Each structure stands twice: as structure tokens, then as C-alpha cells.
Amino acid sequence: MTMLHPEVKTALPGPKARAIIELDQRFSSPSYIKEYPLVVERGEGPWVHDVDGNRFLDFMAGIAVASTGHAHPHVVKAVQEAAGRFLHICGTDFYYDAFSKLCARLAGYLPEMGPKKVFLTNSGTEAVEGAIKLARHHTRRQYIVAFKGGFHGRTYGAISLNSSKVAQRAFFGPLLPGVIHVPYANPYRCPNGCAPQACGDACNPALALEREWFVNHVDPREVAAIFVEPILGEGGYVVPPASFLTELRRICDAHGILLVFDEVQSGIGRTGHMFAAEHFGVMPDILLSAKGIASGMPLGAIIAKESVMTWPRGSHGSTYGGNPVCCAAALATLDVVEGLLDSVRATGALLQRGLRELQSRHPVIGDVRGVGLMVGAEFVDPATREPASAYVGELEQLAFRKGLLLLSCGKSTIRFAPPLVVGEHEVAVMLRILEECLRELSLDVSKVAPARVAAGVKL
């Protein structure tokens with residue numbers, strides 16, 4: 001088998017890419033971020049080819065979406081066969097085989113949750129919106145608890161829960177009322193200043209709900225749900241202590257509150273388990289999935305305990321949610337991912353070891369953390385431990401120019417969320433390029449210029 005490597009033949013962006021970027025900049029919304037001038041033509045596995053013939057190693061998977069890699073033959077075949085039968089009939093109003101089979105398949109995971117029912121959506125943010133409605137309808141309560149640093153999507157209910165970047169909320173108000181934000185358990189940057197080994201035990205932020213919020217701010221009998229990412233995604237790939245989620249489960253049980261796990265980014269094999277809930281041994285009342293669920297086809301899911309999904313006929317629906325082609329892609333994706341879980345755990349451990357070796361040589365890496373192939377490296381000013389945001393921006397751009405696709409999250413974290421099909425060779429290639437970048441960038445973080453917005457895109 002040929003071992004591929006990145007190959008950059010042209011200046012970036014190349015001539016064909018520049019023409020496409022020019023067209024895009026003329027007519028597409030200015031709200032799009034456009035991290036760097038990547039113009040994709042095709043991909044296979046963890047490799048992406050641009051329109052000018054350059055080949056890149058993908059360690060961001062379209063924001064943790066391309067779970068089975070690009071153009072996995074099993075998924076592509078399922079999509080082609082489904083598209084050849086029919087493209088749409090509306091699962092809210094009618095029946096078809098793939099829809100029912102996918103609901104049954106998703107309900108079969110996490111047996112510890114008990115019997116479950118599933119609502120299929122177009123996206124993760126739509127799953128969040130539906131879960132807010134379901135939680136309020138089922139409990140007849142209004143308040144929602146969310147966490148600082150959390151990200152749940154871009155629509156109104158979702159951005160009301162967000163607390164990761166102010167730009168996602170600015171000038172869109174008034175937002176959804178009744179949302180409470182409390183600190184997330186971050187061992188590296190403990191909100192109470194505790195040492196990493198103590199955060200979550202001696203100062204568990206979950207306990208602040210009972211000790212402060214439920215005493216001074218809101219009666220727990222009015223709280224419908226606690227929405228939490230079991231591993232913080234856009235907020236910096238933060239892995240909390242297990243006791244944080246255990247205490248949330250206890251608090252919910254004590255006060256009749258629903259525990260909602262937003263596993264849009266952490267689910268579908270990303271952690272080496274089908275869902276991160278299995279890693280922590282804590283089961284939610286509602287679990288939300290999307291991103292990697294259909295290898296890039298637009299699909300999400302609300303997976304709820306049967307005793308919780310009590311909304312009546314016609315109270316919620318979706319024209320496109322559970323589209324037949326997307327359902328076929330999801331069923332094929334689950335086939336592939338179920339066979340990758342052991343490999344994800346092993347490759348993720350290898351990735352973390354390699355990053356920690358780099359950390360020992362490059363003090364700009366302040367922390368390495370993660371589970372499976374959901375790994376983050378937080379970059380800091382070595383002298384102050386302050387986030388090195390500008391440095392991360394430069395690192396991301398330099399890696400792209402060397403043929404490596406990375407993406408940041410939080411204030412100064414690079415997320416490593418490659419397709420789940422990567423192996424030892426791809427990890428070694430990524431680590432080699434990453435170290436080249438670290439050697440080329442100044443270790444005096446204060447001298448790194450502020451990261452350019454969409455660096456290299458302006459023509």
C-alpha cells in the first residue's frame with residue numbers, strides 16, 4: 001500500500017483556486033469565516049486534493065464531520081443507491097425503510113439509558129433547538145442551564161445557550177430568556193484556581209448550582225434542563241473530570257431536571273466509544289448527535305428516553321430532517337464506525353503521546369488533552385501561561401502552506417479531529433509537519449503578529 005504524503009505544487013492559493021475565491025468573495029455572505037484558502041476538488045480517506053493538484057493531510061475532517069474519511073466507498077455506494085430510488089418524501093408525514101431503521105439503530109446504543117425514541121433533524125443546531133422545546137414541553141418548566149465556553153449552534157435557541165465567542169451573539173438580541181450560564185470544569189484553567197488534579201473534586205463547578213444558583217437565583221423546580229457538552233468542543237476541547245458529569249446527573253435526579261448531552265461533536269466514534277457518555281459512565285436523559293453521523297450528509301438526531309419524548313403528534317416536525325439519502329449515508333457510516341472504535345482508541349493514544357513529546361521540546365504547548373481522536377493542544381505564552389491566540393493563528397496558516405489541515409478552537413487550542421480512518425503513518429506525518437512549524441515560528445509568543453483573518457485569502 002502506498003504511503004501518501006502532503007504535496008504542495010503551487011503557491012497557495014493556486015490559480016484555479018484564486019478564480020473560485022474571487023467568485024465566492026463577490027457573491028457569498030461576509031459572515032462566512034474562511035479559515036484559509038483551501039478550495040477542495042476531491043478527497044479520499046484522510047487526504048484532500050485542491051483544484052490546483054495540491055494534496056493535503058486532513059486533521060480537521062470538515063470540523064469533525066468526515067468521520068469515515070472522504071468518499072468512503074461503503075458510504076458513497078449507499079448514497080448513490082438511495083439517490084437512485086427517491087430523493088425525498090418527508091419523514092414527518094410518511095414512512096420509509098431507511099428512516100425507521102436509522103431510528104432503531106440509534107435507539108440501540110447506550111442501553112443504560114433504557115428504552116429510547118429518536119427524532120431526526122437536518123443538523124446539530126436543529127437538534128439543540130428541538131431538545132429545548134422537548135425539555136420545556138415535558139417538564140412544563142422554563143429555565144435552561146448551560147455552560148461558559150459551550151457552543152451549541154447558530155440559530156436563536158442555540159446561540160442563547162452559547163458562551164464561547166461573543167461574535168456569535170453580538171447584536172442578535174433579545175435572545176431566548178431563561179438561560180443560566182455557569183462555569184465548566186476545566187482542569188487546566190480551573191474557574192476556582194485549583195490545581196488540575198483537584199478541579200472537579202474539591203471545587204466541582206457543578207456544585208455551584210446547588211450552593212449558589214438554586215439558593216440565590218432560581219428555584220430548581222423551575223429548571224427544565226441542563227445542557228452540557230461532555231467534552232467541550234468549540235470552547236477548547238476540554239475534558240472535564242468524570243465527577244463533574246456525575247454530579248450533574250445527581251443534581252438532575254434530585255430536582256427532576258433533564259440532563260441533555262450535546263454530543264454533536266464528541267459522538268459517533270470520535271472518542272473511541274460510539275458516544276462520550278460511555279467514556280464517563282454517565283447517561284443523559286436526552287442525547288444530541290450530528291456532525292459525523294452521516295459522513296458529511298446533513299443529518300442530526302435527538303435521542304431521548306422514551307419516558308421523556310412525550311410531546312404529542314404534530315408538536316414538532318421537519319420537512320427535510322431524516323432525508324432518505326442522508327439516512328442511507330448514516331446507516332453506512334455507522335457500519336464503518338462500529339468497526340473502527342478499537343483503532344480510534346489506539347491511534348488517539350499514539351497521537352497524544354506524540355503531542356506530549358513535542359510539548360517536552362516546545363514550551364509553547366501548555367496542555368495536551370483529549371479522548372480517542374478528539375484531542376486538543378493548548379498553546380500559551382511560556383512565561384505567563386496566557387493563551388497564545390495570535391501564535392495559533394500563525395501556526396494554522398503555516399501548517400496549511402505545508403500541506404496539513406488544522407483548525408483551532410477556544411482561545412488558543414489546536415484541535416486534532418481527523419477522519420477516524422487515520423493510522424500510525426498519518427499521525428507520524430502530522431507530528432513531523434507540526435514540529436517543523438513550531439521550529440519556524442518564534443518561541444517569543446509576544447512577537448508573533450496578530451493572526452490574519454482568512455490569511456492568504458485576500459487577492
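**Open sheet.** I started with the sheet built from 4 strands, which is open and runs in the order β1-β2-β3-β13 with mixed pairing. The model is a predicted one, so I read everything below as computed. I checked the ends: β1 (40-44) and β13 (404-405) are the edge strands, and each has a single partner, so one side of each has no neighbour in the sheet. Next I looked at how β1 meets β2 (residues 47-50): the two pair antiparallel over 4 bridges. For E44, I found W47 as the bridge partner in β2.

**Around β5.** Is strand β5 mostly covered or mostly uncovered? I got covered, with 4 of the 5 residues in β5 (residues 143-147) buried. I then listed partners of β5. Strand β7 (residues 223-228) pairs with β5 in the parallel sense over 3 bridges, and there V145 has I226 as its bridge partner. Strand β6 (residues 179-182) also pairs with β5, in the parallel sense over 4 bridges; F147 has V182 as its bridge partner in β6. I followed the chain from β5 to β6 and it passes through helix α6 (residues 156-161), giving a right-handed β-α-β crossover.

**Aromatics.** I ran the aromatic search on the whole structure and it returned 10 pairs. I picked out F56 and F400: the ring centres are 5.3 Å apart and the planes sit at 5°, so I logged the pair as stacked, the cut-off being under 30 degrees. F56 belongs to strand β3 (residues 55-58) and F400 to helix α12 (residues 389-401), so to speak a long reach along the chain at 344 residues apart. Are these two buried or exposed? F56 has 0% relative accessibility and counts as buried; F400, at 2%, counts as buried too. I also noted that Y36 joins F56 and F400 in one aromatic cluster.

**Charges over rings.** I found K34 over the face of Y32, 5.2 Å from the ring centre. I also found R385 with its charged end over the ring of Y188, 4.7 Å from the centre.

**Salt bridges.** How many salt bridges does a search of the whole structure find? I got 22. K34 came up again here, since its side chain meets that of D24 in a salt bridge at 3.8 Å, N to O. D24 is in helix α1 (residues 15-27) and K34 in the loop between α1 and β1, 10 residues apart. I have D24 as partly exposed, with a relative accessible area of 28%, and K34 as partly exposed at 42%.

I then went to helix α11 (residues 341-361), where R345 and D342 are 3 residues apart, about one helical turn. They form a salt bridge, with the closest N and O atoms 2.3 Å apart. R345 is partly exposed at 35% relative accessible area, while D342 counts as exposed at 55%.

My last pair was D367 and R369, a salt bridge with 2.8 Å between the closest N and O atoms. Which way do these two fall, buried or exposed? With the cut-off for buried at under 20%, D367 at 16% relative accessibility counts as buried, and R369 at 9% does as well. I closed the page on a network of salt bridges that links R189, D367, R369 and E378.

Note on methods
Residues numbered from 1 in each chain as written. Predicted model: local features only at pLDDT ≥ 70, side-chain atom pairs only at ≥ 80, totals over all residues. Heavy atoms only, no water. Pairing = 2+ DSSP bridges. Buried < 20%, exposed > 50% of the residue type's maximum accessible area, 1.4 Å probe, protein only. Right-handed = clockwise from strand over helix to strand, strands pointing away. Phe/Tyr/Trp six-rings, centres within 6.5 Å; stacked < 30°, edge-to-face > 60°. Lys NZ or Arg CZ within 6 Å of the ring centre and 35° of its normal. Salt bridge = Lys/Arg side-chain N within 4 Å of Asp/Glu carboxyl O.
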